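Me: I have a structure to read and would like to go feature by feature. Can you take me through it?

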Amino acid sequence: VDRFSTTFDYVVRAILGDEVTARADTSGRSLSLVVEEHGERESAAIETVKLLAFDLAALVASAEGRGAFPRFLIHDGPREADMASDIYDRLFIFARELEACFDGEPSFQYIVTTTTAPPVECAIEPVLRLTLAGAPAAERFLRCDL
């Protein structure tokens with residue numbers, strides 16, 4: 001748990017900045033995620049970041065050979081409206097930097113679906129893989145109405 005908590009702290013700092021600290025605490029069968037900066041922080045943005053960072057910390061831990069996370073993660077429309085754009089951008093930048101830690105192909109796949117454009121440096125191949133639209137049908141997922 002301590003090693004995972006350290007990884008969680010690392011991911012939260014990458015997204016929110018080094019002014020914060022984070023930890024994952026366990027008590028009995030429960031898990032609590034804490035983000036602090038001059039005391040514990042609570043907001044819709046912090047709650048969203050904690051959940052995203054928890055998932056990413058599990059991905060990182062698995063890539064490091066700890067745990068049994070499948071190294072395949074999808075964040076379907078993370079609540080970008082709850083986050084400031086710079087925090088939202090750091091989510092993509094963190095993923096890109098994590099990928100750069102690998103020689104050759106990374107040993108994970110991370111997919112983010114979103115209605116908000118990623119940062120400019122992440123809005124190109126190979127990071128941006130697919131752009132979809134609601135109309136016409138040819139621009140929808142699987143190119144048809146389901």
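Me: Start with the strands. Which residue in E2 does Ala-22 stand opposite?

Reply: Bear in mind that this is a predicted model. To read a strand pair, look across from one strand to the other. Here Ala-22 stands opposite Val-35 in E2.

Me: In what sense do E1 and E2 pair, and over how many bridges?

Reply: The sense is antiparallel, and the pairing runs over seven bridges. The two strands form a hairpin, with two residues between them. Check the turn for backbone signs too: Gly-28 there has a positive phi of about 65°.

Me: How should I think about side chains on a strand?

Reply: In a regular strand, side chains alternate between the two faces of the sheet. Keep that in mind as you step along E1 and E2.

Me: Now the wider layout. In what order do the elements of the chain run?

Reply: Read from the N terminus, the order is α-β-β-α-β-α-β. That gives three helices and four strands. The C-alpha trace spans about 50 × 35 × 30 Å along its principal axes. Of the 146 residues in the chain, 34% are buried.

Me: What share of contacts joins residues at least 24 apart in sequence?

Reply: Take contacts between residues at least 6 apart in sequence; of these, 52% join residues at least 24 apart.

Me: How do I check a helix? What does H1 reach from its first C-alpha to its last?

Reply: Compare the end-to-end reach with the expected span. H1 covers residues 2-16, which is 15 residues. Its reach is 21 Å, close to the 21 Å expected. Just after H1, Gly-17 takes a positive phi of about 110°.

Me: Which residues of H1 are buried?

Reply: They are Phe-4, Ser-5, Thr-7, Phe-8, Asp-9, Val-11, Val-12, Ile-15 and Leu-16. Next, ask what covers them. The cover includes strand E1 (21-27), strand E2 (30-36), helix H2 (44-63) and helix H3 (85-100).

Me: Asp-9 is on that list. Why does Asp-9 count as buried?

Reply: Go by the number, not the residue type. Asp-9 counts as buried because its relative accessibility is 16%, and the cut-off is under 20%. Leaving out residues up to four places away in sequence, Asp-9 touches Val-20, Thr-21 and Ala-22. Ala-22 is the residue that stands opposite Val-35.

Me: Is Arg-3 buried or exposed?

Reply: Arg-3, also in H1, is exposed because its relative accessibility is 58%, and exposed means over 50%. Sequence distance and spatial distance are separate readings. Arg-3 and Ala-61 are 58 residues apart in sequence, with 8.6 Å from C-alpha to C-alpha.

Me: And Ala-14: what is its relative accessible area?

Reply: It is 30%, so Ala-14 is partly exposed. Ala-14 lies in H1 as well. Beyond residues up to four places away in sequence, Ala-14 touches Arg-90 and Phe-94. Its C-alpha is 12 Å from that of Lys-50, 36 residues away in sequence.

Me: Last, the pockets. How much space lies in the largest pocket?

Reply: Take volume, then lining, then chemistry. The volume is about 940 Å³. The lining has 23 residues, and the closest to the centre are Tyr-110, Ile-111, Val-112, Val-127 and Arg-129. H3 and strand E4 (109-113) are the elements that give two or more residues to the lining.

Me: Which element gives the most to that lining?

Reply: E4 does, with five residues. By residue class, the lining divides into 15 nonpolar, four polar and four charged.

Notes
Residues numbered from 1 in each chain as written. Predicted model: local features only at pLDDT ≥ 70, side-chain atom pairs only at ≥ 80, totals over all residues. Heavy atoms only, no water. Expected span 1.5 Å × (residues − 1). Buried < 20%, exposed > 50% of the residue type's maximum accessible area, 1.4 Å probe, protein only. Contact = heavy atoms within 4.5 Å. Pairing = 2+ DSSP bridges. 1 Å grid on protein atoms, 1.4 Å probe; cavity = no way out; pocket = protein on both sides within 12 Å on 5 of 7 lines; lining within 4 Å. Points joined across faces, edges and corners; volume = space filled by probe spheres on them. Nonpolar A, V, L, I, M, F, W, Y, C, P; charged D, E, K, R; others polar.
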